[in-house]
Structure formats: C-alpha cells, structure tokens
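Welcome! Please take a moment to look over the sequence and the 3D structure below before reading on.

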Amino acid sequence: MNDAIRISSPADILGFIPHSLGFAPRESFVFLTMRGTTLGATLRVDAPVSAEPAGFAASMVEYLALDTQATALLLAIYTASTPGPGQPRPFHDHVEAVIEALDSAGTPLQDAWLVTPSHWQNLLCDSDAGCCPLEPLESITDGQLNAELVFRGSSYQKTPGTSYAPFAGPADREEQIHHALPGVLGADLEPGRELWEEALTRDSWTDPQTAAELLACFQRPDLRDVMFCNVIDPERTDAEESGNLLVGEGIAPDWNRVDRAQETARDLIDAAPEGYRAPLLTLIGWLAYLKGQSSVAGDHFKLALADTPGYRLAELMDQLVSRGTIAPVAKNQDTAYKRHR
C-alpha cells in the first residue's frame, strides 16, 4: 500500500514516531522535518542530560540541515522527568536554545510536545494558562493513524534496546556448523554467494541443513564480507574496494531486499548457538546504519561484541556510529530508507 497517510492531529504525529523509528523512544529528543504540509525526515538523539544548550542546539541544526527541503521542524521530547507546579519544563534551556537556533537557520520550530510515561502535552504553551492540558497516552495508541499503520503491517519495539532469545535449537547445531565448515573454507566464494541469494529470494530455505551451511558461510571473513555487499549489489563477486559501499556512499539500495536480509539474519540468529551470532548481529546493525537508524545499529554492534569479544567488524562499525556518523545514503532523500507497505 503506497498511498499517503493522513496526519491530522498531534496525537497522530506522536503515533507515527515509533513506527518511523522502529521502537518507542525514551529519554530522547525526536525531531521531524516539515516540507510544507508534509512530514520529511525523523531524527532521534539522546536527551541532552549533560550537553551544553547552545552546543546541543548547533549540533541539531547541523544534522537537520541535511534535509534541504525542510521548511519547519516539529519536536517531541520523551522523558520520565516531569516538572512540579511552577517549575520550568524539562530541558527548558535546551529547548530555548533549539528554538533560537532553528529560527536563525530559517526552519522554525512549528510545534513541540512532551511525552512522559503517564501523559503527553504541548511543550510550548504556558502551562499556567491552562491551554495545554495533560492528554492520556491512549489517545496516541488508540488513534486512527496508529491503527492504520498496524493494519498496513507496521510494528515497533515497545521498549528501546535489542535482545534475542538464548539458543534453543538442537544440541548438535554447533556440530552441524563444524561439519559444514571444511566445504565452506575450501571452496571459492561463489557457492556461498549462491546459497545466500537463495535465502534472500526464497521462502523455503529454513531447513536445518541450509541454516547450518549459511552459519558456516558467515564464519569465513572474506565470504561474510561479500555476502554483506551482495545485499546491496547482488552482482558483486568479492568485497575488494568495497569501502564506499560499506559506509553507504554512492549506493541506492533496494530497501525491500534490505528488509528481507535483516529478517533472514534474525531467523538465522534463532538457529545460531551463542558464539556464532556476531556476523548476523553485525549485518543487522550495518543495514540499520544504512537506514539511518543509529540507535538500532549501535545496539546490534554491542550485542555482536558480547557474543564474540573483539569481533573486528563490529568494533569498526560501532566506532563509526558512536561518532555520530550518518550514512550518506540516509542523508539523500532520493536514496534514504522508505519502508515498504
């Protein structure tokens, strides 16, 4: 379903945000760009607990300027901190600095809301004037827009963070992987690439033997790298000189294929004993990075390092995300991730 979604109220906007992010944010500032009357990009950052207000505001303007078509901004602040009577709103100085910086940049803050674990309300009006009453969270979750998105197949994690269930598969799964490894390590890259391509294009790959063979393929670094690349460029036969592709430079992914690769990797995680999951977790995190979902990416890189301490590819990607790097593909509205319906 590719028809546009109509947003007609603040509750609709707040209902849209977790679907856009893939999770319900906590202790976060979430900015949405406006292109006239149309929503543009979504940017989530951790709430600025220790950041200096002016510096924080300048950083936000720099990030938001990547949407060159933005005409105004919306802001939702998610926090468990609620002011007492007569006290300023949470992050008052940061909000004031953001308002001033956005005005100077020519993309004013059009509206803002505070979302707490118990209610939501307008953030910009004078609370003493009684014009911004507390609204129930049910008006967001029970709203028509949230229902429509769920009907279209959209979902999101109810809490931030990422976890996977412990391995509950057959006791001999590790033995199956070891049995498949000699054939994988002794072959050229093509059989592994073909097996991965079948996994991305067929629904009937999840038999135990194929799962073990795919898990073995991901244990071989050069084959793993080309399997990563093949999500974006199916014709690529090796990962040589693939640095630009890995950082998301100069690519225009088939996002349906990217979603399928993440789903396939999640299925394989269920089939993988601990100690064999790091490549899959890194793959999911890398694809989330390409989508502009830095929080999801960082969670997966940390899980990969917990599964296999010192896993180099996860270390490198985690350093990239920790520096606040946004994938070039996510900065370009023509190539940025668009969830299929």
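Here is a short briefing on the sheet, two helices, some salt bridges and one loop residue. Keep in mind that this is a predicted model.

**The sheet as a whole**

- Start with the sheet, which is open and built from six strands in the order β2-β1-β3-β4-β5-β6, with mixed pairing.
- At its edges lie β2 (38-46) and β6 (135-136), each of which pairs on one side only.
- Helix α2 (residues 53-64) packs on this sheet and touches β1, β2 and β3. The direction of α2 makes about 140° with that of β2.
- As background, the strands of a sheet pair through backbone hydrogen bonds, and they can do this in a parallel or an antiparallel way.

**Strand β3 and its partners**

- Is strand β3 (residues 72-78) mostly covered or mostly open? It is mostly covered, since seven of its seven residues are buried.
- Both faces of β3 share in this: Ala72, Leu74, Ala76 and Tyr78 are buried on one side, and Leu73, Leu75 and Ile77 are buried on the other.
- Strand β1 (residues 28-35) pairs with β3 in the antiparallel sense, over seven bridges.
- On the way to strand β4 (residues 109-115), β3 forms six bridges, and these two strands run parallel.
- Alanine 76 is a handy residue to find in your viewer: it is the bridge partner of valine 30, and its bridge partner in β4 is tryptophan 113.

**Towards the β6 edge**

- Strands β5 and β6 run antiparallel and are joined by two bridges.
- Histidine 119 stands opposite proline 136, which belongs to β6.
- The loop between β4 and β5 (119-122) holds threonine 116.
- Is threonine 116 buried or exposed? Its relative accessibility is 4%, so it counts as buried.
- Apart from neighbours within four places in sequence, threonine 116 is in contact with Thr79, Thr82 and Leu137.

**Helix α7**

- How far apart should the ends of helix α7 (residues 190-201) be? With twelve residues at 1.5 Å a residue, the expected span is 16 Å, and the end C-alpha atoms are indeed 16 Å apart.
- The residues Gly192, Arg193, Leu195, Trp196, Ala199 and Leu200 of α7 are buried. Because they cover an arc of only 160° around the axis, they sit on the same side of α7.
- That buried set packs against four helices: α8 (208-217), α9 (221-232), α11 (255-271) and α12 (278-290).

**Helix α14**

- In helix α14 (residues 312-322), the buried residues are Leu313, Ala314, Met317, Asp318, Leu320 and Val321. Looking down the axis of α14, you would find them within an arc of 160°, so they line one face of the helix.
- Among the elements that cover the buried residues of α14 are α9, α12 and α13 (294-307).
- After α14 comes glycine 324, which has a positive phi, near 85°.

**Salt bridges**

- How many salt bridges does the structure hold? There are ten, and three of them are worth a visit here.
- One joins glutamate 96 to arginine 89, with the closest N and O atoms 2.2 Å apart. Glutamate 96 counts as partly exposed because its relative accessibility is 36%, while arginine 89, at 17%, counts as buried.
- Another links glutamate 190 and arginine 193, whose closest N and O atoms are 2.7 Å apart. These two residues are three apart in helix α7, so about one helical turn separates them. Glutamate 190 has a relative accessible area of 32% and is partly exposed, whereas arginine 193, with 10%, is buried.
- A further salt bridge is formed by arginine 224 and aspartate 225, with 2.8 Å between the closest N and O atoms. Arginine 224 counts as buried at 11% relative accessibility, and aspartate 225 counts as partly exposed at 25%.

Terms used. Residues numbered from 1 in each chain as written. Predicted model: local features only at pLDDT ≥ 70, side-chain atom pairs only at ≥ 80, totals over all residues. Heavy atoms only, no water. Buried < 20%, exposed > 50% of the residue type's maximum accessible area, 1.4 Å probe, protein only. Pairing = 2+ DSSP bridges. Expected span 1.5 Å × (residues − 1). Arc of directions from axis to C-beta. Contact = heavy atoms within 4.5 Å. Salt bridge = Lys/Arg side-chain N within 4 Å of Asp/Glu carboxyl O. Axes fitted to C-alpha atoms, helices over the stretch in contact; angles between N-to-C directions.
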